[in-house]
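Please work through the exercises below with the sequence and the model at hand. Attempt each task before reading its solution.

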Amino acid sequence: MISAEYLLNDVDVARFLVNGYHVVEPDLPAGLNERIADRLDALTANPGDAITETVPELWQVLEHPQVRGVLISLLGEDYSVNSHRHWHCKLPGSGFMQWHQDSTNDRGTQIDRLLGLYYPHTITADMGPTVIVPGTQFRNAPTDRMATYTNIRGQVPLAVAAGTVAFTHYDLWHGTASNSSSVKRHMIKFLFNRTSENSVPTWNHDPDALNRPRDWNARDKAEDAGNILSFGNPLGVSQSDHYKERTIRRACWDELIGQKSAS
Ligand SMILES: O=C(O)CCC(=O)C(=O)O
């Protein structure tokens, strides 16, 4: 069990379903990020999945209650830490990475896995941050075509403070900027899986969360889960496009609260 203070609330979950990511800055023990960054700096070969054996301090990040709280909220109490994980070291002078999705994107309605991107040192814009595109997690584009896209309106470079963990939907479009700095940029990518379907919500849920009236005059300013799920439109797509996305989000929400949608 984890203290409820670490779990997400309805607004957090709705925002995750709309934007496809959630960022936390866990209150890690003093010196931990620096120790991890130093050990990564010193590595001469990439140990692949064995990065957690090479740098066992990484488990302290994974086990932190602020990290566990997000995972329990979105994947259930019995989520698992996948054995695949990877150290992404972007060397000084390395170029950008093309837009891609890690999954095959089936516009699925179950939140069954998440990526967790941990940055042990502060990432500045010139260090080749990961760049994500909020709201793309339910969108398909042929991989080869997606890779030719350049700047996308609304893209967010994860220029973040040391110790940040960014959780992303597995289908969120992402890439990197180039590293024009003189330092190695470190990121450890983790994968987490759902192991069972929800029968009840696993976050701080208010059963009335979706009962606030829809406010068509304040669509961009929505502060409650119902209006966020209905009106959130990070990519600024047209209404006929938006309604399909809204339908998927709502089906995700229904699955998360333990009620599969009829549609
Ligand atoms: O290095 C990064 O920031 C992103 C890596 C990435 O996009 C990937 O491995 O799929």
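The exercises that follow concern a predicted model.

**Exercise 1.** Determine whether the length of helix H8 (residues 239-256) agrees with the expected span.

*Solution.* Step 1: helix H8 has 18 residues, and at 1.5 Å a residue these should span 26 Å. Step 2: the end C-alpha atoms of H8 are 25 Å apart, which agrees.

**Exercise 2.** Identify the buried residues of H8 and explain how they are arranged around the axis.

*Solution.* Step 1: Glu245, Arg249, Cys252, Trp253 and Leu256 are the buried residues of H8. Step 2: they cover an arc of only 100° around the axis, so they lie on the same side of H8. Step 3: an α-helix has 3.6 residues a turn, so residues three or four places apart point the same way. Step 4: the buried residues of H8 pack against helix H1 (10-19) and helix H7 (225-231). Step 5: Ser240 and Tyr243, on the other side of H8, are exposed.

**Exercise 3.** Establish which strands stand at the edges of the open sheet of four strands.

*Solution.* Step 1: the order of the strands is S3-S8-S5-S6, with antiparallel pairing. Step 2: strand S3 (97-100) and strand S6 (156-157) each have a single partner strand and therefore stand at the edges, with one side of each left without a neighbour in the sheet. Step 3: strand S5 (residues 130-132) pairs with S8 over three bridges in the antiparallel sense. Step 4: opposite Ile132 stands His174 in S8.

**Exercise 4.** Describe the shell around the ligand by class.

*Solution.* Step 1: the residues surrounding the ligand include His88, Met97, Thr130 and His174. Step 2: the shell has two nonpolar, four polar and three charged residues.

Methods. Residues numbered from 1 in each chain as written. Predicted model: local features only at pLDDT ≥ 70, side-chain atom pairs only at ≥ 80, totals over all residues. Near = placed C-beta within 6 Å. Nonpolar A, V, L, I, M, F, W, Y, C, P; charged D, E, K, R; others polar. Helix = DSSP H or I, 4+ residues; strand = E, 2+ residues; numbered from the N terminus. Expected span 1.5 Å × (residues − 1). Buried ≥ 20, exposed ≤ 12 C-beta atoms within 10 Å, placed from the backbone. Arc of directions from axis to C-beta. Contact = placed C-beta atoms within 7 Å. Pairing = 2+ DSSP bridges.
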